[in-house]
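User: Please take a close look at a single part of this model, and then place that part in its surroundings. Which neighbours does it have, and how does the rest of the chain fit around it?

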Amino acid sequence: MFKANIETDGGIKTQAESTKVHYLRISVTDRCNERCIYCFPQDLGFLSKKDSQLSFEEFYAVVFHGAMKHGFKDFRITGGEPLVRKGTLSFIRRLTRTPGISSVRLSTNGTLLGYYARQLKEAQIAGVNVSLDTLKPSLYKKITGGDIVPVLEGIEECRKVGIEPIKLNTVLLKGINEEEILPLIDFAAEKNLIIRFIELMPISYTTKISKENFLSVYQVKQRLEKGDELEPLEKKWGQGPAKYFRMKSRNVIVGFIGALSDFHFCDNCNKMRLTSDGFIRPCLGNHLEIDIKGFLRPTVDPLGLYKSFEWALQKKPPEHSFREKYSPGRAMTAIGG
Ligand code: SAM
């Protein structure tokens, strides 16, 4: 289903541009400087040993010999918090300079953007997503354990240096940040940002979906429609599954990511993930992972990497399993959001 037009290229096959899956999210670290209640487990036992995290040389080898040979051309750097790992910026720079790569984007909690924004712009980042679940400092602290001030400064710095697009990612938490939805939309409108609302997913040990904490994007959209017209947009900002609308009176673009409530969520899935410890994960909501460390250590085996991606593409499930009493197998930070 996901294979298309395999051609031969000097013994190693390349997949043609028409490949449906062309987007790889790379978790460069499972470490994070925040502790989001829906993401980062309290018990740090899940953290991998330092040497089981891939080096940037190894990540690059996977991209070059594995992903790109199958037509992957769009990449997102994520984590954990990618900017806490030394070398992430150079890695991004190396990727953006690689012929055949169309876009490299970043997901971040924003805490270090004040320092990195200009360098990211110079590295030709194709956009940043910043997690922001509230504008209230006290609630921000409660949700993330961190300080909102550097995050807001970081967003400002991204605007100043001209990074585009800047998208805010807001995880919907019923009874916790519901009241923040409109203020966040107004903030996005004022700053000319895109805002996306994300349904809580059962992807970390901490995340239990219940009636008490789950708020669907469908409900949020309905609420917003009571006060404004939401014009559906064809255009996508990035490679992900969000559905975008323009809120007419505020003139702001709002996206919805409804992994649970949107029954067409997986229809056009174009992505796979690479975990920080060297597994290809074809689907976030499925436990299947392919260990590729054996093709990286002690030396790089290009054919092994190529074959691993071929296999992963064949095994990519048509749909996630979140609706089937899914229980997370390991921390989201290692898999990469
Ligand atoms: N540290 C970066 C950040 O804060 O964006 C990148 C990693 S974070 C895991 C990537 C995205 O996953 C964030 O937008 C975060 O809100 C989202 N995320 C984490 N846990 C989630 C969950 N249980 N349900 C839905 N989204 C989640």
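Analyst: Two strands pair if DSSP finds at least two bridges between them; strands themselves are DSSP runs of E with at least two residues, and helices are runs of H or I with at least four, both numbered from the N terminus. The model is predicted, with local features needing pLDDT of at least 70 and side-chain atom pairs pLDDT 80 or more, while totals for chains, interfaces and linings use all residues. Residues are numbered from 1 along each chain as its sequence is written, and side-chain values use heavy atoms, leaving out hydrogens and water.

The part chosen is strand β12, which covers residues 271-274. Its side chains alternate: Lys271 and Arg273 point one way, and Met272 and Leu274 point the other way. All four are buried, that is, under 20% relative accessible area with a 1.4 Å probe and protein chains only (over 50% is exposed, in between is partly exposed).

On one side of the pairing list is strand β3, residues 23-27, which runs parallel to β12 over 4 bridges. Within β3, Ile26 stands opposite Leu274 of β12. The other partner is strand β13, residues 279-281, which is antiparallel to β12 and joined to it by 2 bridges. Here Leu274 is again involved, standing opposite Ile280 of β13. The link from β12 to β13 is a hairpin with 4 residues between the strands, and Gly278 in that turn has a positive phi of about 85 degrees.

These pairings belong to an open sheet of 12 strands with mixed pairing, in the order β9-β10-β11-β8-β7-β6-β5-β4-β3-β12-β13-β14. Strands β9 (230-232) and β14 (290-291) are at the edges with a single partner strand each, so one side of each has no neighbour in the sheet. Further along the order, β4 (residues 74-78) pairs with β5 (residues 103-108) in the parallel sense over 4 bridges. Phe75 has Val104 in β5 as its bridge partner.

Several loops of the chain carry backbone features worth listing. Most residues other than glycine have a negative phi, and most peptide bonds are trans. The bond between Glu164 and Pro165 is cis, with omega about -10 degrees; Pro165 lies in the loop between α5 (148-161) and β7 (166-171). A cis bond also runs from Arg297 to Pro298, with omega near 5 degrees, and Pro298 is in the loop between β14 and α8 (302-315). Gln124 is not a glycine, yet its phi is positive at about 65 degrees. Gln124 lies in the loop between α3 (113-122) and β6 (128-131), and it counts as exposed because its relative accessibility is 58%. Asn251, also not a glycine, has a positive phi near 55 degrees and sits in the loop between β10 (243-247) and β11 (252-257).

As for the whole chain, the secondary structure comes to 9 helices and 14 strands. Of its 337 residues, 58% count as buried. The radius of gyration is 19 Å, which agrees with the value near 20 Å for a compact globule of 337 residues (C-alpha atoms; the rule is 2.2 Å times the number of residues to the power 0.38). Along the principal axes, the C-alpha atoms fill a box of roughly 60 × 40 × 40 Å. Among contacts (heavy atoms within 4.5 Å) with a separation of 6 or more, 71% join residues 24 or more positions apart.
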